[in-house]
Every structure is written in C-alpha cells, then in structure tokens.
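Hi everyone, thanks for coming. I'd like to walk you through one structure today, so let me put it on the screen.

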Amino acid sequence: MAHNSREAWKTRLGLVLAMAGNATGLGNYLRFPVQAAENGGGAFMIPYFCALIFLAIPLMWCEWAMGRLGGERGHGTAPGIFQLLWNHPVAKYLGALGILLPVAVGCYYVYVQSWTLAYTYFALFGTYVGVTSRAGMSEFLAGFQGRQSSWGVSALAYLCFVLTMAFNTWILSGGIRRGIERAASWGMPVLIGLSVLLTLRVLTLGAPDPWHPEHHVWNGMGFLWNPDLSRLTDAKVWLAAAGQIFFTLSVGFGTIQVYASYLRSRDDVVVTGLSTTMVNEWGEVVLGSTIAIPIAYAFFGPQGTVEVAQGGAFNLGFATMPVVLQQLPWHVAFGTAWFFLLFIAGTLSQLALMQPLITFLQDDLGWSHRRAVLVTSTVLFLAAHVPILGLQSGALDELDFWAGTFGVTLFALVETILFVWLFRPQRAWEEIHRGAQVRIPRLFLWVLTYVTPLYLLGLFAVWAIQYSPAVLAMEGVPPGDVPWRWGARLLLLVLLGFIGFAVHKAFRPGAKQGGDT
Amino acid sequence: MTPLGWLFLTTSWAVLTVVTVWCFVKIWQAPFKPEEGQPQAALDSPPRASGATE
C-alpha cells in the first residue's frame with residue numbers, strides 16, 4: 001500500500017543533488033587528497049576504483065532499494081525497513097543503529113560545520129591576515145576553539161555552533177521539498193562552481209616562488225598522481241582505499257535509505273543512485289584532489305607537503321589552506337570561496353544526518369513534522385556538548401571511531417546480510433530493478449551476493465580486530481582525557497537506550513504508526 | 001609529472017566524466033512523474049506525518 005501523504009521529491013535532479021550533497025562532505029576536499037598522497041599516489045586509484053565498483057556501488061543500490069521499499073509502506077528509517085526485510089523481533093532493534101549512527105556523527109559534525117562558517121567570516125573580513133605560518137594558523141585555530149579556556153570552548157566558537165544549529169533547523173523545518181531539496185538545488189551548483197573556480201586558479205598558478213621553479217603546481221599534481229606501484233602489495237593501501245570510498249559515499253550511515261524513502265514506487269533507483277555516486281566521485285577525484293595538495297606543494301615543496309599530508313585533514317583545511325591562499329592576489333575572494341564551499345558541503349551532509357531521526361519520529365511514532373524537527377534539533381544540540389566541551393580531551397575522536405568508523409561498517413554489514421541473504425538475492429535484485437531505467441549487468445547479482453558482503457566482512461574484521469581493542473583499552477590516552485572518552489561512550493549508550501526504547505514503543509502491538517507493517 | 005602519472009590522472013578523470021555525463025543525459029531523458037491518481041498539488045503540500053497526532 002502506498003502512503004501518498006508522505007512527501008516526495010519534486011524533481012529527479014533535485015533528488016540527485018540532495019543525495020550528492022549528503023555524500024559530498026569535507027572528506028572530498030580534505031581527506032581524499034591526504035589519503036591518496038600517503039598511499040601510493042596514482043596507484044591508490046586502483047584499489048579505490050575496485051572498492052567503488054565492488055563495494056560502494058552495489059551497497060548504494062541496496063540502500064536506495066531498501067529506502068524506496070520502506071517508504072512505500074510508511075517506514076523511511078532502518079527499524080521499519082529491517083522489519084519488512086526480516087520478520088523477526090530483533091530486526092527492528094538492529095535498525096535502531098540506523099538512527100543512532102547519524103545522530104552520533106551529527107552531534108560532532110555540526111561543530112566542524114560551525115568552524116567552516118566561522119572561517120568563512122574570518123576569510124571575508126581578513127581576521128587571520130598576517131598569520132603566515134602553519135604553526136601560527138594552528139594556534140589561531142586552537143584560540144578560536146578555546147582549547148586553553150577553562151570551559152574548553154570559546155564564546156565565539158559556541159556562538160557559531162548555536163547559529164549553525166539554528167540554520168540547520170530552519171532548513172529542515174521546510175521538509176524534504178521546501179527544505180532539503182531547495183537547499184541542495186541552490187547549494188550544490190554553488191559548491192561545484194566554487195570548486196571549479198579554485199581548481200582553475202590552482203592549475204594556472206605555475207611556480208609562485210621564483211627561487212624554486214621546481215615547485216611548479218603541476219609537479220604538485222605529480223606528487224599526488226605519480227604512481228608508486230610497489231604500494232599495491234601493501235594491504236594497508238587497499239584498506240585505506242576501501243575506507244575512503246566507504247566514507248565518502250556515506251554508505252552505512254542510514255541516511256541514503258531515508259532520502260530514498262521519499263521516492264515513488266516506480267521511480268528508478270539504478271541510474272539515479274549511480275548519478276549521485278558519480279557526482280560525488282567527480283567532485284572528489286577531479287575537483288577535490290586538485291585544490292589542497294597541489295597548492296600546498298607549490299608553496300611548501302615536496303618535504304613541506306609530506307608534513308602537511310601527515311598533519312591530517314583538519315590541519316590541511318584550517319591551518320595550511322589559509323596560509324597558502326593568503327599568498328595569492330585576491331586572497332580574500334579565494335579564502336572566502338574555500339571556506340564557503342566547505343560550509344555548503346558540511347551543511348548538506350549535516351542535514352542528511354539529522355533527517356533519519358525526524359523521519360522516524362514522523363513515520364513510526366506519528367509525530368508532526370514541526371515537533372519531530374524541534375526534538376531532533378534539541379537532542380543534537382544537547383548531545384553536541386560532549387564533543388564540544390571534550391574536544392581537547394579527544395571526545396570527538398572517540399565518537400568518530402565508534403560511530404563514524406566501527407558503527408557504519410557494522411551497520412553496512414548487517415543491512416547487506418538482511419537485504420541480500422535474508423530477503424533473498426533474487427528478490428533484492430528484482431527490487432533494485434523495479435522501475436529501473438537500465439538493467440544492471442547480471443554479474444552484479446553475484447557481486448552483490450558474495451563479493452560485497454565479504455568485502456564488508458573483511459573491512460569490519462580488520463577494524464574490529466586490529467584497531468578496536470587498542471581504542472577500547474584507551475592505549476596511549478593521557479589519564480586526564482579518560483573521563484571525557486568515557487563520557488563519549490556513555491553518550492552513545494544513552495542515545496542507544498533512548499532510540500531502542502522509542503523503537504520498542506513504536507512497534508509494540510497496537511501502537512499508532514505512520515504506516516502498516 | 002611522469003607519463004604514468006598522466007595516464008592515471010587522465011584515465012580516472014575521463015572515466016568519471018564520461019559516466020557522470022551519461023547519468024545526467026539519462027536523468028534529463030526521463031524526469032520523475034507523479035504516480036497515477038496522485039496530483040502534483042498533493043505532492044507540493046506542506047510536510048506532515050502520515051499519522052500525525054497533532
């Protein structure tokens with residue numbers, strides 16, 4: 001039975017832009033170039049494309065098809081969808097992960113999003129002009145965050161966080177069409193336009209330092225793309241590529257199903273889903289890789305760029321880029337463009353992280369849209385205080401590992417087993433092809449049934465066995481940071497408890513729900 | 001940049017660009033249509049829960 005009272009996307013292009021906005025985040029511009037530079041340069045693209053074809057694209061089709069199936073029956077989130085796939089009392093509780101993970105990730109991602117808002121302002125009004133070293137910009141960032149203050153957060157950083165929360169809430173209050181789709185329809189073209197502008201500026205930079213003509217920006221492209229084929233025998237490179245492709249496409253977060261649940265029953269998911277993947281990949285490989293690392297090479301040379309890459313993504317975005325962009329004519333315009341594009345990317349991803357809880361409250365508890373948005377924003381606002389106040393002590397890193405790394409891999413594994421094996425491969429295949437504009441090569445049925453689950457199992461096993469014990473035991477964590485790390489874990493447990501209770505309440509016999517089960 | 005670097009760069013960019021353009025041509029050829037019996041006006045209505053209690 002179709003639930004016509006649920007919203008639906010207005011246009012196919014709007015959906016593609018919204019879903020691509022969900023996937024396109026800070027990682028496209030900051031994480032990917034660092035990962036590529038550290039893992040064999042051009043050779044990194046071999047395991048990267050393997051992971052794209054055998055892991056991410058099949059998983060993405062599964063999530064789209066699951067979402068559309070659930071939406072037709074009035075369930076846009078994982079608890080209801082899992083219940084449809086596997087008629088077992090445990091199924092809906094496994095689906096609770098699909099709400100917990102976006103909330104847990106969203107409560108720290110919104111803080112990072114607020115930094116990009118603040119830095120857009122700083123770039124526009126020249127606040128950091130004159131800070132011309134990376135060490136100086138790192139100090140500037142720490143000062144803005146208030147790492148040395150008694151509260152662990154500065155008044156300005158907190159104000160930016162509040163403004164960002166209010167902005168997100170305002171967009172979400174418009175719903176799918178008038179909120180998310182409209183924001184993506186404006187935001188994505190601006191994001192791509194600013195990226196192209198910065199890419200062209202970087203590629204025409206030449207060698208800015210006349211004393212070092214060898215620091216030509218095209219040598220910087222070579223730093224990123226010249227393949228070190230010997231690295232292909234290193235399992236870590238394959239793992240890094242799979243991890244990058246997994247996170248960049250936002251699979252395993254429970255967000256794709258939610259957006260796809262607002263499709264209509266005969267809407268295509270094969271080409272539409274592939275389109276969103278390609279927009280994200282094009283933005284990452286063509287645009288994202290061309291900005292930060294090559295420009296860093298042009299100003300700091302090969303040794304400096306190695307240090308930049310080893311400093312990590314945040315260091316690249318918030319400490320290195322402001323320094324190098326200041327060296328350019330029109331630095332105010334280019335600096336503002338850089339941070340504004342990061343703000344748009346962060347905003348569209350954050351909206352997708354907040355929507356699952358809103359959809360669950362509406363669909364499964366029968367709440368009004370307004371009430372669901374207000375409660376979701378309040379939950380995120382309160383939860384965000386743990387990573388904000390505990391930033392210095394690693395609370396954000398703790399949440400990022402358990403929710404953003406371990407949790408999403410576990411969730412992806414669970415949903416794949418449910419959709420492909422318990423729902424049956426042939427039914428899953430037919431579900432993906434309902435209303436499809438083109439047929440997927442039959443080879444992918446085999447990929448979907450065996451390769452993707454095994455790929456995920458391998459990824460999960462490595463993270464669970466190799467990394468989790470050290471994180472769990474807090475190896476190397478200073479004693480002063482331990483309470484905040486436990487605070488982050490407690491937050492996850494509290495959120496899981498509340499969401500589990502809400503799922504129980506929504507699915508108890510005789511409960512009033514938005515849809516039939 | 002070495003010739004092999006150029007090969008990896010141009011191949012990656014070309015493959016992604018061709019597939020992305022192909023996808024957008026397909027989308028342009030077949031935009032979403034409302035389902036039978038579901039007027040466009042209904043889809044444009046303000047968001048609400050299907051079983052809203054308020």
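**Chain B and its long partner**

Let's begin with chain B, where 28% of the 54 residues count as buried. Please keep in mind that what you see is a predicted model. Chain B contains two helices and zero strands. About 3400 Å² of chain B is exposed, and 69% of that comes from carbon and sulfur atoms.

Take helix α1 of chain B, residues 3-29. From its first C-alpha to its last, this helix of 27 residues reaches 38 Å, close to the 39 Å expected at 1.5 Å a residue. Which residues of α1(B) are buried? They are Gly5(B), Phe8(B), Leu9(B), Ser12(B), Trp13(B), Leu16(B), Thr20(B), Cys23(B) and Ile27(B). And what covers them? The cover includes four helices of chain A, namely α1 (12-23), α3 (45-72), α10 (217-225) and α13 (270-310).

Now over to chain A, and a pair of helices there. The axes of α11 (residues 235-248) and α20 (residues 443-472) of chain A come within 11 Å and cross at roughly 110°. Angles of 65 to 115 degrees count as roughly perpendicular, so α11(A) is roughly perpendicular to α20(A). By class, this contact of α11(A) with α20(A) has ten nonpolar residues, one polar and no charged ones. If you'd like to find it on screen, the α11(A) side is made of Leu239(A), Ala242(A), Gly243(A), Phe246(A) and Phe247(A). Facing them in α20(A) are Tyr455(A), Leu456(A), Leu459(A), Val462(A), Trp463(A) and Tyr467(A).

Let's stay with helix α11 of chain A a moment longer, since Gln244(A) is found there too. Is Gln244(A) buried or exposed? Gln244(A) is buried, because its relative accessible area is 1% and the cut-off for buried is under 20%. Setting aside neighbours within four places in sequence, Gln244(A) is in contact with Gly27(A), Arg31(A), Phe32(A), Gln35(A), Phe44(A), Tyr48(A) and Glu284(A).

Next, helix α15 of chain A, which spans residues 331-363 and holds Leu361(A). Thr359(A) is found in α15 of chain A as well. Thr359(A) has 0% relative accessibility and therefore counts as buried. Beyond its neighbours within four places in sequence, Thr359(A) is in contact with Arg6(A), Gly76(A), Thr77(A), Val258(A), Tyr262(A) and Asp364(A).

Leu361(A) is buried too, with a relative accessible area of 6%. Not counting residues up to four places away in sequence, Leu361(A) touches Gly366(A), Trp367(A), Ala372(A), Val375(A) and Thr376(A). How far apart are Leu361(A) and Ile99(A) in space? C-alpha to C-alpha they are 10 Å apart, although 262 residues separate them in sequence.

I'll finish with some backbone angles. Most residues other than glycine have a negative phi. Trp330(A) is not a glycine, yet has a positive phi of about 60°. You'll find Trp330(A) in the loop between α14 (313-325) and α15 of chain A, and this tryptophan is exposed, with a relative accessible area of 70%.

Arg424(A) also has a positive value, with phi near 85°. Where is Arg424(A)? Its place is in the loop between α18 (395-422) and α19 (425-433) of chain A. At 54% relative accessibility, Arg424(A) counts as exposed.

That's my tour, and I'm happy to go back to any part of it.

Key:
Residues are numbered from 1 along each chain as its sequence is written. Chains are lettered from A and ligands numbered from 1 in the order in which they are written. This is a predicted model: local features need pLDDT of at least 70, side-chain atom pairs count only at pLDDT 80 or more; totals for chains, interfaces and linings use all residues. Side-chain values use heavy atoms; hydrogens and water are left out. Axes are lines fitted to C-alpha atoms, for helices over the stretch in contact, and angles run from 0 to 180 degrees between N-to-C directions. Angles under 35 degrees count as roughly parallel, over 145 as roughly antiparallel, 65 to 115 as roughly perpendicular and the rest as oblique. Contact means heavy atoms within 4.5 Å. Ala, Val, Leu, Ile, Met, Phe, Trp, Tyr, Cys and Pro count as nonpolar, Asp, Glu, Lys and Arg as charged, and the others, Gly among them, as polar. The expected span of a helix is 1.5 Å times one less than its number of residues. Buried means under 20% relative accessible area, exposed over 50%, partly exposed in between (1.4 Å probe, protein chains only). Accessible areas come from the Shrake-Rupley method with a 1.4 Å probe; for residues, only the protein chains shown count as cover.
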